Amino acid sequence: MPNKDSKATIHFAGNGFFVGVTPSGHAQAIEADSDRASAATPMELLLIALGSCTGVDVISILKKKRQHVTDYRIEVRGERREDFPRSYTRLYVKHIVRGRDISETAVAQAIELSDTKYCSVAATLRGSAEIVTSYQIVEEDKENGAA
């Protein structure tokens, strides 16, 4: 699918719900009332988009660097403006990498490459929000899992 022709369609489903259909045909429920918490809100989806975009990059780079990653989690949280539009002003992305003999240099380089070169969601958001990244490496014992 050519990048320039990407088109999502969002359908109003009634009662404050929408159904978004991605350019590849996948449906996603979207909630307009965050107090009801029945589906993700558009701003929650933005957090997921940022985390998954950078996560795809980082895990791919770590695999190429032959790092033995056994678990990987990205936590993304954001600070929003008080006034409308209540956009994010700062986003915090924390990478938690678990594995055996994980190189701190490899993790830092993978995150840096994602932040500065590969993650198109971060590149899109960077003009309006500061993105603060951090990481934690959890070393596993070869016999027991957790160190």
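The legends below describe close-up views of a predicted model.

**View 1. The largest nonpolar core of the predicted model has 12 residues.** Its members are Leu47, Leu50, Cys53, Val76, Tyr88, Leu91, Val93, Cys119, Ala122, Leu125, Ala129 and Ile131. At least two residues of this core come from each of α1 (42–64), β5 (88–100) and α3 (120–125).

**View 2. Surroundings of Leu47, a member of the largest nonpolar core.** With neighbours within four places in sequence set aside, Leu47 is in contact with Val76, Arg77, Gly78, Tyr88 and Leu91. Of these contacts, Val76, Tyr88 and Leu91 also belong to the 12-residue core.

**View 3. A second nonpolar core is separate from the largest one.** This core has 10 residues, among them Ile61, Leu62, Val97 and Val107.

**View 4. Strands β1 and β2 form a hairpin.** β1 (residues 9–14) and β2 (residues 17–21) are antiparallel and are paired over five bridges. Within this pairing, Val19 in β2 stands opposite His11. Two residues lie between the strands, and Asn15 in the turn has a positive phi of about 55°.

**View 5. Strands β2 and β3 form a hairpin with five residues between the strands.** Pairing of β2 with β3 (residues 27–31) is antiparallel and also runs over five bridges. Phe17 has Glu31 in β3 as its bridge partner. Gly25, in this hairpin, takes a positive phi near 95°. β2 thus appears in both hairpin views, paired with β1 and with β3.

Methods
Residues are numbered from 1 along each chain as its sequence is written. This is a predicted model: local features need pLDDT of at least 70, side-chain atom pairs count only at pLDDT 80 or more; totals for chains, interfaces and linings use all residues. Side-chain values use heavy atoms; hydrogens and water are left out. A nonpolar core is a set of buried Ala, Val, Leu, Ile, Met, Phe, Trp, Tyr and Cys residues joined through side-chain atoms within 4.5 Å. Buried means under 20% relative accessible area, exposed over 50%, partly exposed in between (1.4 Å probe, protein chains only). Helices (H or I, at least four residues) and strands (E, at least two) are DSSP runs, numbered from the N terminus. Contact means heavy atoms within 4.5 Å. Two strands pair if DSSP finds at least two bridges between them.
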